[in-house]
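Visitor: I have a new structure open and no idea where to begin. Can you walk me through it?

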Amino acid sequence: MNDADTRAYASAVLAVLEAEGAVEAAEPELRSLARAIDGNDELRASLTDQQLPLGRRLGFVESEVLEAAHPATRTVLAMLIAAERIGALAAILEAIAERVAEQRDRVVAEVTVAVELDQQRRDALKTALERATGQTLDVRFTVDPEVVGGVRARVGDTVIDGSLLRRLTDLRTRVGL
């Protein structure tokens, strides 16, 4: 999908989320689903295979997996599956995050941590990143146990990797393992 199509679908998805008052609730669910779809070949194939009947692909939206999901999350997934655009969910969400941040005069920061952080730690991390970058940030947190410990952050083209995994990898490289 080209950039213009991605932006058009991002606008449509954002319009649905805003109309439902669900930007804050559905956006993290959709990001989590995008990671699951990108990381699972079988799931991605079952949602994107145009040889499968549309009704079967849409069955995922009503499955137990999404039982607790916000209704707007399910609406957006159904829309993208029906439009044959579910494979572009991650790119669409990135365009939405950038658009929302731009509306707020902010820059998007993607922060990955090993465990869920409480609000006080999230605020402290956001403040530290804003101080380090000199920008007002709209921070998106993702939990990834592979980080092991520490934090990995991406602000625009800048990556700050203070994860334990990165430190161990650097140590292995220095020691020659």
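Guide: We will go from the overall layout to the sheet, then to two helices and one residue.

Guide: Keep in mind that this is a predicted model.

Visitor: Okay. How many helices and strands does the protein have?

Guide: Eight helices and four strands. Along the sequence they follow the pattern α-α-α-α-α-α-β-α-β-β-β-α.

Visitor: What size of box do the C-alpha atoms fill?

Guide: Roughly 55 × 40 × 30 Å, taken along the principal axes.

Visitor: And what share of the residues is buried?

Guide: Of the 177 residues, 34% are buried. The accessible surface is about 10400 Å², and carbon and sulfur atoms hold 49% of that.

Visitor: What about contacts between distant parts of the sequence?

Guide: Take the contacts with a separation of 6 or more. Residues 24 or more positions apart account for 64% of them.

Visitor: On to the strands. In what order do they sit in the sheet?

Guide: The order is β2-β1-β3-β4. The sheet is open, and its pairing is mixed.

Visitor: Which strands stand at the edges?

Guide: β2, residues 137-143, and β4, residues 158-161. Each has a single partner strand, so one side of each has no neighbour in the sheet.

Visitor: By how much are neighbouring strands turned against each other?

Guide: By 15° on average, with direction ignored.

Visitor: Does anything pack on that sheet?

Guide: Helix α7 does, residues 119-133. It touches β1, β2, β3 and β4. The direction of α7 makes about 130° with that of β2.

Visitor: Stay with α7. What caps its N-terminal end?

Guide: D118. One of its side-chain oxygens lies 3.3 Å from the backbone nitrogen of Q120.

Visitor: And just after the helix?

Guide: There you find G134, with a positive phi of about 75°.

Visitor: How far apart are the end C-alpha atoms of α7?

Guide: They are 21 Å apart. At 1.5 Å a residue, the 15 residues should span 21 Å, so the two values agree.

Visitor: Back to the sheet. How are β3 and β4 joined?

Guide: By four bridges, and the two strands run antiparallel. R154 has V159 in β4 as its bridge partner. A153 stands opposite I160 in β4.

Visitor: How many residues lie between those two strands in the hairpin?

Guide: Two. In this hairpin, G156 takes a positive phi near 60°.

Visitor: New topic: α6. Which of its residues are buried?

Guide: L89, I92, L93, A95, I96, A97, V100 and A101.

Visitor: Why would some of those come three or four places apart?

Guide: An α-helix has 3.6 residues a turn, so residues three or four places apart point the same way.

Visitor: What covers the buried residues of α6?

Guide: The cover includes α1, α2, α5, β1 and β2.

Visitor: What follows α6?

Guide: D105, whose phi is positive, near 55°.

Visitor: Last one, R140. Where is it found?

Guide: In strand β2.

Visitor: Is R140 buried or exposed?

Guide: Buried. Its relative accessible area is 10%, and the cut-off for buried is under 20%.

Visitor: Which residues is R140 in contact with?

Guide: Leaving aside neighbours within four places in sequence, R140 is in contact with E27, R31, A97, V100, V108, A109, E110 and V111. Two of these names came up earlier: A97 and V100 are among the buried residues of α6.

Conventions. Residues numbered from 1 in each chain as written. Predicted model: local features only at pLDDT ≥ 70, side-chain atom pairs only at ≥ 80, totals over all residues. Heavy atoms only, no water. Pairing = 2+ DSSP bridges. Axes fitted to C-alpha atoms, helices over the stretch in contact; angles between N-to-C directions. Contact = heavy atoms within 4.5 Å. Expected span 1.5 Å × (residues − 1). Polar contact = N/O pair within 3.5 Å; in protein donor to acceptor, adjacent residues only side chain to side chain. Buried < 20%, exposed > 50% of the residue type's maximum accessible area, 1.4 Å probe, protein only. Areas by Shrake-Rupley, 256 points an atom, 1.4 Å probe, with all protein chains shown as cover.
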